[in-house]
2 protein chains.
Amino acid sequence: MRIGVLGGGQLGRMLALAGYPLGHEFTFLEPAPEATRGLGTLIAAPFADAAALDALAAASDVVTYEFENVPVAAARRLADRVPVWPPPGALEVAQDRLLEKRFFADCGLPTAPFAVADGREALARAVETIGLPAVVKTRRHGYDGKGQAVLRVPADLDAAWAALAPAPCIVEGWVDFARELSILAVRGRDGACACWSLVENLHGDGILRRSLAPAPGATPALQAAAEAHARTVLERLGYVGVAAIELFEVDGSLVANEMAPRVHNSGHWTIEGAETSQFENHLRAVTGAPLGSTAPVGVSAMVNLIGDLPPDAAVLAIPGAHLHRYGKAPRPGRKVGHVTVRAADPGALGERLGVLQALLAAEPLRP
Amino acid sequence: MRIGVLGGGQLGRMLALAGYPLGHEFTFLEPAPEATRGLGTLIAAPFADAAALDALAAASDVVTYEFENVPVAAARRLADRVPVWPPPGALEVAQDRLLEKRFFADCGLPTAPFAVADGREALARAVETIGLPAVVKTRRHGYDGKGQAVLRVPADLDAAWAALAPAPCIVEGWVDFARELSILAVRGRDGACACWSLVENLHGDGILRRSLAPAPGATPALQAAAEAHARTVLERLGYVGVAAIELFEVDGSLVANEMAPRVHNSGHWTIEGAETSQFENHLRAVTGAPLGSTAPVGVSAMVNLIGDLPPDAAVLAIPGAHLHRYGKAPRPGRKVGHVTVRAADPGALGERLGVLQALLAAEPLRP
């Protein structure tokens, strides 16, 4: 099938690599192509370019996205011409933290308390309602810890507002979580749903650094709770494709943080660590094919390569290490690749992970 | 690294899909590009085209091949300009059944008795020496059962010669084998060697139909014997990259049949069924990277899709089935894709394989 993709970063690259074996062909619409060079056809244009969108529609049997900050109007323009999955409505919800939190609440997912903060006075009122500590975040365009500030004492409000204004914001109550988890889920055109094992995520400097899957110590009850949440979300959105929901684990229960209406960094381990990868199942879903098994294959750790790449030979010498370079120029804070280490058991995994970690710049990790 | 590939069929396609994650870029020289369209850069020209070869050399840090009937002169022309692996000398041996058999004998590998048959009289003399039944094969350009004839009674000689002459031929004594196996091996630039598990191969109509890996019932002693043969062959050739050696199992010992100086159809199962695939390890070898583990992951069956493709949805619905389409137009007898079914144990594998086999045209299989 001819698949059009809005965006042409590493997620698009890995979609294409999963899609060629299924017989698909790819066209990417991307303003600054880099990671998908040499894979399929590129339309190098801004996402809002009407002629480029029409060219993408003409070249595609189905369109999807690998980036959620695509203008919703662009997705809707495409959807008038060709099937677009996930539905543009899912983009709309996921692009706005306020709509997203309200939607989670409507779906019965526990969230942190939240309140809108559309101005300096509204911010003060929101903090009064929610209390401190809290986090203020821009409603739109936040990622990798950008567009947010922690509020610990009342005096923090001015600096936070100066940094984020005039963007409309949301204030969220502080969640004293034990760890961050994510659940990757996929829903087919026929409504069939499947979830991968819960993933434990560690961050450094606001950026995902490491994912462990299956999440160590996650009980079947926790997995079942996460899956139930994911199914509700996907069904309510009439969703087709892969989505990720980030969750906080608090005293053994789950608090929904945010969702990504696309394949997700915390699902990269599925390429080697699951029977069917998130990339393949996303393509199966959007093309109307049956979903593949999401069962884990061994235990996996995914480590992001950020800023620069360690020496290839040292990575490739680690047993069970699978290198994924993204074809992007190195730059501080930029995701330029990842390594998934797979092993038969957690003991062997820990040993291999230790060797890999020693190759990377030391970086304090936090949930 | 910039990798040049002579040939642009499905093997080139799968090399590229394995190579992007390692950060490599690809240029294919191929007279009739099809399977590698949309992957890297194509130079559409005959293999003997000097300007095209020079363009490939200029675009590459290292050159390899995915097809062994590339003219040796083309490989040597490239080797004057850029590193070429496997070495052109390995092509030369593998392209000629007589040189190949003599080389096996020099390496101490048991082979069927053989004799040269460069004319009708030489054929008669060869059959006198070797006895009947025997097989007469063209020395060059045979594949998938083409370019050969079985000789059962003296009266068969005329028809066989009429079909194959004036090509120089070789006569091989009949081997009453229990089954055909193959050993896939890889050798790095540093001389390190690794082998995957022995594979059992079944044919239909002279074409490989199914491979089972690890080969059922292969003893550690048989595996060790095959590995020792493979190491000898690779070392003697100063080989770098993946090679396949086809072997007959006769009364529990091995008789060498032929070798392919490239990734091989009987190694496709390694994409899902081994820690590191033949494609990735071939690239690791020719680029001078450390080799990856060849350990099996579960048990696998690889089934070729020949002539036409079964309905995708039916294949994808089989648990553990991994579809690989080659992007080639259907045509009788043509390899247009394969499916690897992976399972944790032979019982589950057999069940899944039964479902897959029912989707394919019934075809009597023989070793």
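The following dialogue works through some features of a predicted model with two of its chains, A and B, in view.

Student: What should I know about this model before we begin?
Tutor: It is a predicted model, in which local features need pLDDT of at least 70 and side-chain atom pairs count only at pLDDT 80 or more, while totals for chains, interfaces and linings use all residues. Residues are numbered from 1 along each chain as its sequence is written, chains are lettered from A and ligands numbered from 1 in the order in which they are written, and side-chain values use heavy atoms, with hydrogens and water left out.

Student: Which residues of helix α3 of chain A are buried, and why do they lie on the same side of α3(A)?
Tutor: Helices (H or I, at least four residues) and strands (E, at least two) are DSSP runs numbered from the N terminus, and buried means under 20% relative accessible area, exposed over 50%, and partly exposed in between, with a 1.4 Å probe and protein chains only. In α3(A), residues 72-79, the buried ones are Val72(A), Ala74(A), Ala75(A) and Leu78(A). They share a side of the helix because the arc they cover around the axis, taken from the directions from the helix axis to the C-beta atoms, is only 160 degrees.

Student: Which elements do the buried residues of α3(A) pack against?
Tutor: Packing is judged here by contact, which means heavy atoms within 4.5 Å. By that test, the partners in chain A are β1 (2-6), α2 (50-58), β4 (62-65) and α4 (88-94).

Student: Is Thr27(A) buried or exposed?
Tutor: Thr27(A) sits in strand β2, residues 25-29, of chain A. Leaving aside neighbours within four places in sequence, its contacts are Ile3(A), Gly4(A), Val5(A), Thr41(A), Ile43(A), Leu56(A) and Ala59(A). The relative accessible area of Thr27(A) is 8%, so this residue is buried.

Student: How many disulfides does a search of the whole structure find?
Tutor: A disulfide is a pair of cysteine sulfur atoms within 2.5 Å. Cys107(B) shows why a pair can fail, because its sulfur is 12 Å from the closest cysteine sulfur, in Cys193(B), which is too far for a bond. Over all chains, the number found is 0.

Student: What is the volume of the largest cavity?
Tutor: Rolling a probe the size of a water molecule over the atoms shows where empty space is left. On a 1 Å grid over the protein atoms alone, a cavity is a set of points where a 1.4 Å probe fits but cannot get out, and lining residues have an atom within 4 Å of a point; points are joined across faces, edges and corners, and a volume is the space filled by probe spheres set on them. The structure holds 1 cavity of 30 Å³ or more, and the largest has a volume of about 860 Å³.

Student: Which residues lie nearest the centre of the largest cavity?
Tutor: Elements of both chains give two or more residues to the lining, including α9 (270-273) of chain A and α9 (270-273) of chain B. Of the 35 lining residues, those nearest the centre are Leu17(A), Ile271(A), Glu272(A), Ile271(B) and Glu272(B).

Student: Where is Asp205(A) found, and what is its phi?
Tutor: Asp205(A) is in the loop between β11 (199-204) and β12 (207-213) of chain A, and it is exposed, with a relative accessible area of 65%. Its phi is positive although the residue is not glycine, with a value near 60 degrees.

Notes:
On a 1 Å grid over the protein atoms alone, a cavity is a set of points where a 1.4 Å probe fits but cannot get out, and a pocket is an open set with protein on both sides within 12 Å along at least five of seven lines; lining residues have an atom within 4 Å of a point.
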